[in-house]
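The following paragraphs offer a guided reading of a single protein chain. The reader is invited to keep the sequence and the model in view throughout.

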Amino acid sequence: MAPGAPQGAPVSGTSGGVPADQGTAGGAGDKGLRGGSVGLLSSVVLGVSTVAPVYCLTATLGPTVTAVGVQMPAVFLAGFLPMLLVAFAYKELNKDFPDCGTSFTWGVRAFGPRVGWMAGWGLTVATIIVLSNLAGVATDFLYLMLGEMTGSDWVTELDQNKAVHLLTVVLLIAGATAMSYRGMTATKWFQYGLVGLQLAVLVLFSVIAIGKAAAGDLPDSVGFSFSWLNPLEVSSFSAFAAGLSLSIFMYWGWDTCLTMNEETQGSAKTPGRAAMISMVTLVGSYLLVAIASQMFAGVGSTGNGLGNPATADNVFAALARPVLGSPWSILLFLAVVASAAASLQTTFIPVARTLLAMSAYRAVPPRFGAVHPRYRTPGYATVAAGIATAVFYVGMSLISENVVQDTILALGLMICFYYALTAFACVWHFRRSLRTGARDLLLKGVAPLLGGVLLSAVFLQTLTDAWSPDYGSGSVLGIGSVFVIGVGILLLGAGLMTWYGFVRPEFFRGETLRKDTQALVVED
């Protein structure tokens, strides 16, 4: 902090060449983003779009059934609970200090520079992992859709050519990067249309699937039972943790509403409300589709069964035609492509703005703080995230036997890691105000603490299970590939943090953002 600056006051200076001398409501200074450009509806749409509900469902219905069987709907519901509890932490922290660095900034203010830096790293790598998976699934369904439209098996099978697949993935990532570089306001109606299409197709799919299952002429269909909603009937805690890790992944992305807080109208309250609305929309959609799919296809390991390993990573590809028929099956393929494409664009928001905030507080190189003078977006950080995503996907495709499932499971570790840190940061930051009333005790203390404990339990159980070479698609030196990916990423982050602490130590000495203060940046 600049000498003589009063505690709680923004410090005049620069952040990546952008003036930082104006304060937003309650906290962070101006980092050059376009303030007031996002309303409540836009924020909700961005939250749902980033989660990509259709993509999440097609990628996780199969693995979740493999883990917990008919208790899949219960696990989806259970995964919503820690997300809801952590959302209270985000909401309260955002009201106190709205900053686009979210987990990073709040972690620093609660626990100090190193814990906060690792929270920011967890968010960054989680985003890069999910971006790579989004591009992969979008490519799969793009060729499925084109093959369905043209009636050509040759077009569909183009995706089986690794060179064609990887080239298409890289092109999709490049296109999404370019769109994100231009900013969200330029594509607002595009996002509205894609999110609306996703939700409409999911409802249509579910209604038809339930109707056909109820008719009773499907060999694999099963009748609905309320026991499907009981998580206590899962066979073991290990199986429950595996399913819950996948379920948590399905809700990841709602915090995009919070990373847009410096660009949102009513930055202290609107992002938190948008996050809550987004999650309620998601849990309703997930439960409907999970029940409908299970009634229609059952949980068997053959044919259309959701437990069939041949279709586990892409369930909608197998169910589209049996449920919707031809040519309406194209709608489901289109919805997956739309889901992945929309999320590819919006998922750049959290990683770019987290890197922007880390640069503003001198936790990463200054270049990441560069904001485009016309588009008012973190241009350098957005492009860097796009390049990292492409490199990660290509690399994992050459190493892992099943890049989608392995990286989704590793992603669950990253999500649990930084969400739990944020939840505990809320409890610690507000520890002195927990006795002021029942509301503060519940929303700033009990709920975040419980959410953090639940996510920590899932993190530790998943780590324990992932050590086995049978966990995931393969092993490295006898250790499960998911463990290697997850722990390796965290160790890489710790190494980079240590290195940068020697190169630019001011952040790590508490000179740019201190615990329990409103300090922003030191003067250049």
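Which residues does Thr127 touch, not counting residues up to four places away in sequence? The model, which is a predicted one, gives a definite reply: Thr127 touches Trp252, Thr347, Pro350 and Val351. Thr127 itself is found in helix H5. Its relative accessibility is 0%, and it therefore counts as buried, the limit being under 20%.

With this one residue placed, the chain as a whole may be considered. Its secondary structure comes to 18 helices and four strands. Of the 524 residues in the chain, 61% are buried. Contacts across the sequence are also a feature: among those between residues at least 6 apart, 78% join residues at least 24 apart. The accessible surface of the chain amounts to about 18900 Å², and carbon and sulfur atoms account for 66% of this surface.

The confidence of the prediction should be kept in mind. The mean pLDDT of the chain is 83, and 88% of the residues reach 70 or more. Over residues 1-27, however, the pLDDT is below 50, although this stretch has 62 contacts in the model beyond near neighbours in sequence. Residues 519-524 likewise have a pLDDT below 50, and that stretch has 30 contacts beyond near neighbours in sequence. Where pLDDT is low, the predicted coordinates should not be read in detail.

The interior comes next. The largest nonpolar core contains 149 residues, and those with the most contacts inside it are Phe76, Trp117, Trp254, Phe316 and Tyr419. Helix H5, residues 113-150, supplies the largest share of this core, with 18 residues. Trp254 illustrates how distant parts of the sequence meet in the model: leaving aside neighbours within four places, it is in contact with Gly47, Val51, Met83, Val86, Ala87, Tyr90, Ala275, Met279 and Tyr419. Tyr419, one of these partners, is also among the core residues with the most contacts.

Several buried polar residues can be followed in turn. Thr256 is placed in helix H10, residues 256-259. It counts as buried because its relative accessibility is 0%. Not counting residues up to four places away in sequence, Thr256 touches Thr50, Thr346, Ile349 and Pro350. With Thr50 there is a polar contact between the two side chains, at 3.4 Å. Thr256 and Ala274 are 18 residues apart in sequence, and their C-alpha atoms are 9.7 Å apart in space. Pro350 touches Thr256 and also Thr127.

Helix H14, residues 348-360, holds Thr354. This threonine has a relative accessibility of 0% and so counts as buried. Setting aside residues up to four places away, its partners are Cys100, Gly101, Phe104, Gly120, Leu123 and Thr124.

Gln191 is found in helix H8, residues 188-215. Its relative accessible area is 2%, which is why it is buried. Beyond neighbours within four places in sequence, Gln191 is in contact with Val45, Ser49, Ala342, Gln345 and Thr346. With Ala342 the approach involves polar atoms: the backbone oxygen of Ala342 lies 3.3 Å from a polar atom of the Gln191 side chain. Gln191 and Ser49 are 142 residues apart in sequence, yet 7.3 Å separates their C-alpha atoms in space. Thr346 is a contact of Gln191 and is also touched by Thr256.

Two helices may finally be viewed along their length. Helix H7, residues 162-182, has 21 residues and reaches 31 Å from its first C-alpha to its last, close to the 30 Å expected at 1.5 Å a residue. At its N-terminal end Asn161 acts as a cap, with a side-chain oxygen 3.0 Å from the backbone nitrogen of Ala163. After the helix comes Gly183, whose phi is positive, near 105 degrees. The buried residues of H7 are His165, Leu166, Thr168, Val169, Ile173, Ala176, Thr177 and Ser180. An α-helix has 3.6 residues a turn, so residues three or four places apart point the same way.

Helix H18, residues 481-503, has 23 residues and spans 32 Å from its first C-alpha to its last, close to the expected 33 Å. Its buried residues include Phe483, Ile485, Ile489, Leu490, Met497 and Tyr500, as well as the glycines Gly486, Gly493 and Gly501.

Definitions and conventions. Residues numbered from 1 in each chain as written. Predicted model: local features only at pLDDT ≥ 70, side-chain atom pairs only at ≥ 80, totals over all residues. Heavy atoms only, no water. Helix = DSSP H or I, 4+ residues; strand = E, 2+ residues; numbered from the N terminus. Expected span 1.5 Å × (residues − 1). Buried < 20%, exposed > 50% of the residue type's maximum accessible area, 1.4 Å probe, protein only. Polar contact = N/O pair within 3.5 Å; in protein donor to acceptor, adjacent residues only side chain to side chain. Core = buried A, V, L, I, M, F, W, Y, C linked by side-chain atoms within 4.5 Å. Contact = heavy atoms within 4.5 Å. pLDDT = per-residue confidence, 0-100. Areas by Shrake-Rupley, 256 points an atom, 1.4 Å probe, with all protein chains shown as cover.
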